[in-house]
Amino acid sequence: MYNLLLDSDALIKLTHSKAIFRVCEAFNCLITTEIKEETVEEGKKRFYPDALVIEKLVKDNLVKIRDSKRKPNIKEDFGKGEKSVLGLYHSTRNSIIISDDSAFIKHLENENIPFFVPSDLIILLKKLNKISLKEALYFLDKIKVFIKKEAYNEAKKELKEV
């Protein structure tokens, strides 16, 4: 089973769309302490409803916290969350990073590190027959306001071809 290493941006979008529950059923979902801090602790301070959902996912062990002692040697000025996810990637087998941060994605591409954006993950769930087309379109529509219009349109088109 693949380990999905979620950064804050992807975790929040997947939680908002409600797709996170289906993702957690299909894959081993991991976050770092830094990602939990950003999404749960900071989110609760700002009264974001997704923070409570993520906190429950962690308590129910659907999203597991793993940390790496390995610190990535990167020049880019990423936040603690992205750096922690990179460190975890380098110490976790069969892992794929899930992110929607364009600067981070560019780095992943340059380093040949496998990744998915949240809309790709929704498509993958459909391709694996883990969700129906109706569910996939629902999840995609829930994150429409958070992703680029081109990404949304491309994902919708690809879903209808699956």
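Mentor: Residues count as buried when their relative accessible area is under 20%, as exposed when it is over 50%, and as partly exposed in between. Keep in mind that we are looking at a predicted model.

Trainee: Then what makes glutamate 55 count as buried?

Mentor: Its relative accessibility is 16%. The cut-off is under 20%, so glutamate 55 is buried.

Trainee: How do you know that lysine 44 forms a salt bridge with glutamate 55?

Mentor: The closest N and O atoms of lysine 44 and glutamate 55 are 2.8 Å apart. The rule asks for within 4 Å, so the pair qualifies.

Trainee: Which parts does the pair of lysine 44 and glutamate 55 tie together?

Mentor: Lysine 44 belongs to helix α3 (residues 33-45) and glutamate 55 to helix α4 (residues 49-59), so the bridge ties together parts 11 residues apart in sequence. Unlike buried glutamate 55, lysine 44 is partly exposed, at 32%.

Trainee: What makes lysine 36 and glutamate 41 a salt bridge?

Mentor: Again it is the distance: their closest N and O atoms are 3.1 Å apart, and the limit is 4 Å. Lysine 36 has a relative accessible area of 21% and glutamate 41 has 26%. Both values fall between 20% and 50%, so each residue is partly exposed.

Trainee: How many salt bridges does the rule give?

Mentor: The count comes to 9 salt bridges. Among them is lysine 56 with aspartate 60, whose closest N and O atoms are 2.8 Å apart. Aspartate 60 is partly exposed, at 41%. Asp9, Lys13 and Asp100 are linked in a network of salt bridges.

Trainee: Why does glutamate 161 count as exposed?

Mentor: Glutamate 161 reaches 60% relative accessibility, and exposed means over 50%, so the label follows. You will find glutamate 161 in helix α9 (residues 149-161).

Trainee: On to the rings. How many aromatic pairs does the structure hold?

Mentor: There are 2 aromatic pairs. One of them joins phenylalanine 78 and phenylalanine 104, with ring centres 5.3 Å apart and planes at 75°. Centres within 6.5 Å make a pair and planes over 60 degrees apart make it edge-to-face, so this pair passes both tests.

Trainee: Where do phenylalanine 78 and phenylalanine 104 lie?

Mentor: Phenylalanine 78 is in the loop between β3 (63-65) and α5 (80-89), while phenylalanine 104 is in helix α6 (residues 102-110), so their contact ties together parts that are 26 residues apart in sequence. Both phenylalanines, 78 and 104, are buried.

Trainee: And why is the pair of tyrosine 138 and phenylalanine 139 called edge-to-face?

Mentor: Here the ring centres are 5.9 Å apart and the planes stand at 65°. That angle is over 60 degrees, so edge-to-face is the right term. Tyrosine 138 is partly exposed, at 42%, whereas phenylalanine 139 is buried, at 6%.

Trainee: What makes you say that both faces of strand β1 (residues 3-6) are covered?

Mentor: Asn3 and Leu5 on one side and Leu4 and Leu6 on the other are all buried. In a regular strand the side chains alternate between the two faces of the sheet, so buried residues on both sides point to cover on both.

Trainee: How do you know that β1 and strand β2 (residues 28-31) pair?

Mentor: Pairing needs at least two bridges, and 3 bridges join β1 to β2. Strand β4 (residues 95-98) is joined to β1 by 4 bridges, running parallel. Leucine 5 stands opposite leucine 30 in β2, and its bridge partner in β4 is isoleucine 97.

Definitions and conventions. Residues numbered from 1 in each chain as written. Predicted model: local features only at pLDDT ≥ 70, side-chain atom pairs only at ≥ 80, totals over all residues. Heavy atoms only, no water. Phe/Tyr/Trp six-rings, centres within 6.5 Å; stacked < 30°, edge-to-face > 60°. Helix = DSSP H or I, 4+ residues; strand = E, 2+ residues; numbered from the N terminus. Buried < 20%, exposed > 50% of the residue type's maximum accessible area, 1.4 Å probe, protein only. Salt bridge = Lys/Arg side-chain N within 4 Å of Asp/Glu carboxyl O.
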